[in-house]
Amino acid sequence: MVNEMTENHRVFVDLTVATMGVTQTAYGLIEDAAIAVSDGRIDWVGARNDLPAQYATLAQQPLGGRLVTPGLIDCHTHIVHGGDRAVEFEMRLNGASYEEVARAGGGIVSTVKATRAASEDLLLADALRRVDVLMSEGVTSIEIKSGYGLDIETELRMLRVARAVMANRPIRVKTTFLGAHATPPEYAGHNDAYIDEVCIPALRAAHGEGLVDAVDGFCEGIAFQPDQIARVFDVARELGLPVKLHAEQLSNLGGARLAASYGALSADHIEYLDEDGVKAMADAGTVAVILPGAFYTLRETQEPPIDLLRKHGVPMALATDINPGSSPLNSLLLTLNMGCTLFRMTPEEALRGATANAARALGLTDTGTIAPGMRADMAVWDIKHPAELAYRIGFNPLHSRIFGGTS
């Protein structure tokens with residue numbers, strides 16, 4: 001192939017790249033860089049002057065000195081759901097706590113009612129609008145959870161919609177079964193029966209249809225106890241599915257330690273996580289997923305233990321937690337800023353949290369960094385330095401998005 005550039009073979013030049021690899025240089029920055037892409041994968045990345053001769057015959061695509069990062073990854077979302085909870089938002093502002101709203105029949109249960117009533121087409125149309133906003137900010141991979149059906153039929157419908165998102169948009173989707181999210185009204189006061197009669201059968205059915213990539217639960221006083229989550233995780237282990245957990249958001253029930261004992265991909269929220277839980281996560285290689293949107297929306301004051309996570313080397317990811325109740329946040333760029341301003345994460349930690357560490361939280365090994373052999377999922381930004389992605393508020397500097405080598 002001489003002097004030709006195709007969608008399958010191209011060389012990007014005149015750029016600065018933040019590889020987000022493990023290097024001694026912050027962000028893995030390479031100035032005046034080049035990136036060679038072949039068949040949707042990165043072949044080579046480095047200083048432009050070092051471009052191997054084998055790529056010299058390919059036409060080069062200049063990027064005008066722009067910054068290139070890995071495509072962003074939103075590793076914790078509830079994008080598929082029916083309705084909204086704006087009225088409950090107003091209730092909380094008038095003094096009701098999240099727990100009070102939930103115990104009064106609001107919260108997750110109100111979204112369950114709306115989701116059960118929504119058709120698959122409507123759920124997909126609404127989800128795609130949310131996904132389009134994320135894509136416009138350079139997002140190339142997302143996780144989508146079930147958990148607003150709480151019956152077998154609707155849980156399966158949500159997961160089918162999550163799979164359909166990937167069929168309708170150039171984005172990678174990892175699906176997570178979250179049947180242990182809340183107890184539906186028909187099982188009020190009977191959490192164990194719900195786990196045995198609905199949640200576990202729904203998980204087995206979803207796995208049988210090939211709809212599940214991972215299994216999650218909500219371990220909290222208003223949701224499920226550790227022993228109940230463990231029963232779900234035992235089935236996940238039997239089915240060969242990785243697990244993750246909403247843990248230590250409102251109290252400390254030892255959920256993160258439980259998750260770590262199962263080798264969980266991640267423990268998410270973790271505002272009330274203690275040092276023993278941090279150590280357990282470090283030993284298990286479990287990622288801490290930080291969710292500032294819920295902290296902000298619920299006006300919480302207990303911050304996640306960022307310093308302890310640093311001390312013990314627990315990788316930190318950042319995600320929107322897009323959901324209709326506790327985090328109606330549809331911007332991963334704003335999430336980066338919130339991680340810095342609310343929790344004092346550094347801009348590098350924030351960007352790593354939405355790239356390399358977010359990939360790890362989803363069990364993805366071929367994205368999140370710019371390196372040979374990785375998928376050519378990248379974002380091109382009209383900025384000079386990656387810290388600007390976390391610095392600005394309400395500003396989107398995306399120039400273009402590259403998915404599998406195609407822009």
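Gly-325 is in contact with Arg-85, Arg-92 and Thr-297, leaving aside its neighbours within four places in sequence. This is a predicted model. Gly-325 sits in the loop between strand 12 and helix 12. Its relative accessibility is 4%, so Gly-325 counts as buried.

## The annotated site

Which residues does the UniProt annotation "binding site" cover? The record, an unreviewed entry, lists Tyr-148, Asn-323 and Gly-325. These positions span 178 residues in sequence, yet no two of their C-alpha atoms are more than 11.6 Å apart, so they gather at one spot.

Asn-323 lies in the loop between strand 12 (316–318) and helix 12 (332–343). Is Asn-323 buried or exposed? It is buried, because its relative accessibility is 4% and the cut-off for buried is under 20%. Beyond residues up to four places away in sequence, Asn-323 touches His-78, His-81, Tyr-148 and Pro-328. Tyr-148 is itself one of the annotated residues. The side chain of Asn-323 also reaches the backbone nitrogen of Gly-325, at 2.8 Å. That polar contact links two positions of the annotation.

## Two domains

The domain assignment splits the protein chain into domain 1 (9–70 + 369–402) and domain 2 (72–362). Domain 1 is thus given as two stretches of sequence, because the assignment lists 9–70 and 369–402 for it. The C-alpha centres of domain 1 and domain 2 lie 31 Å apart. The contact between them takes 25 residues from domain 1 and 21 residues from domain 2.

## The parallel sheet

One open sheet has 8 strands in the order 5-6-7-8-9-10-11-12, with parallel pairing. Its edge strands are strand 5 (72–74) and strand 12, each pairing on one side only. The twist averages 25° from one strand to the next. Helix 7 (residues 226–239) packs on this sheet. Helix 7 touches strand 7 (172–180), strand 8 (214–219) and strand 9 (244–247). The direction of helix 7 makes about 175° with that of strand 8.

At the strand 12 edge, strand 11 (residues 287–290) and strand 12 pair in the parallel sense over 3 bridges. Here Ala-288 stands opposite Met-316 in strand 12. Strand 12 also leads into the loop that holds Asn-323 and Gly-325.

Strand 10 (residues 266–269) holds Ser-266. Ser-266 is buried, with a relative accessible area of 1%. A polar contact of 2.7 Å joins the side chains of Ser-266 and Asp-268. Not counting residues up to four places away in sequence, Ser-266 touches Val-243, Lys-244, Leu-245, Thr-286, Val-287, Val-289 and Ala-361.

## The mixed sheet

A second open sheet has 6 strands in the order 3-2-1-4-13-14, and its pairing is mixed. Strand 3 (41–47) and strand 14 are the edges, each pairing on one side only. Neighbouring strands of this sheet are turned by 40° against each other on average, direction ignored.

At one edge, strand 2 (residues 29–38) and strand 3 pair in the antiparallel sense over 6 bridges. Ala-33 stands opposite Ala-47 in strand 3. The hairpin of strand 2 and strand 3 has 2 residues between the strands. In this hairpin, Asp-39 takes a positive phi near 50°.

At the other edge, 4 bridges join strand 13 (residues 378–381) to strand 14, and the two run antiparallel. Ala-379 stands opposite Arg-401 in strand 14. Ser-400 is also placed in strand 14 (residues 398–402). Ser-400 touches Ala-379 and Val-380, not counting residues up to four places away in sequence. Its side chain makes a polar contact with the side chain of His-399, at 3.2 Å.

## Side-chain polar contacts

The polar contacts named above are set out here.

| Side chain of | Partner | Distance |
|---|---|---|
| Asn-323 | Gly-325, backbone nitrogen | 2.8 Å |
| Ser-266 | Asp-268, side chain | 2.7 Å |
| Ser-400 | His-399, side chain | 3.2 Å |

Key
Residues are numbered from 1 along each chain as its sequence is written. This is a predicted model: local features need pLDDT of at least 70, side-chain atom pairs count only at pLDDT 80 or more; totals for chains, interfaces and linings use all residues. Side-chain values use heavy atoms; hydrogens and water are left out. UniProt positions are given in the numbering used here, feature names are shortened, and annotations may be inferred rather than shown by experiment. Buried means under 20% relative accessible area, exposed over 50%, partly exposed in between (1.4 Å probe, protein chains only). Contact means heavy atoms within 4.5 Å. A polar contact is a pair of N or O atoms within 3.5 Å; within protein, one must be able to donate a hydrogen and the other to accept it, and residues adjacent in sequence count only if both atoms are side-chain atoms. Two strands pair if DSSP finds at least two bridges between them. Axes are lines fitted to C-alpha atoms, for helices over the stretch in contact, and angles run from 0 to 180 degrees between N-to-C directions.
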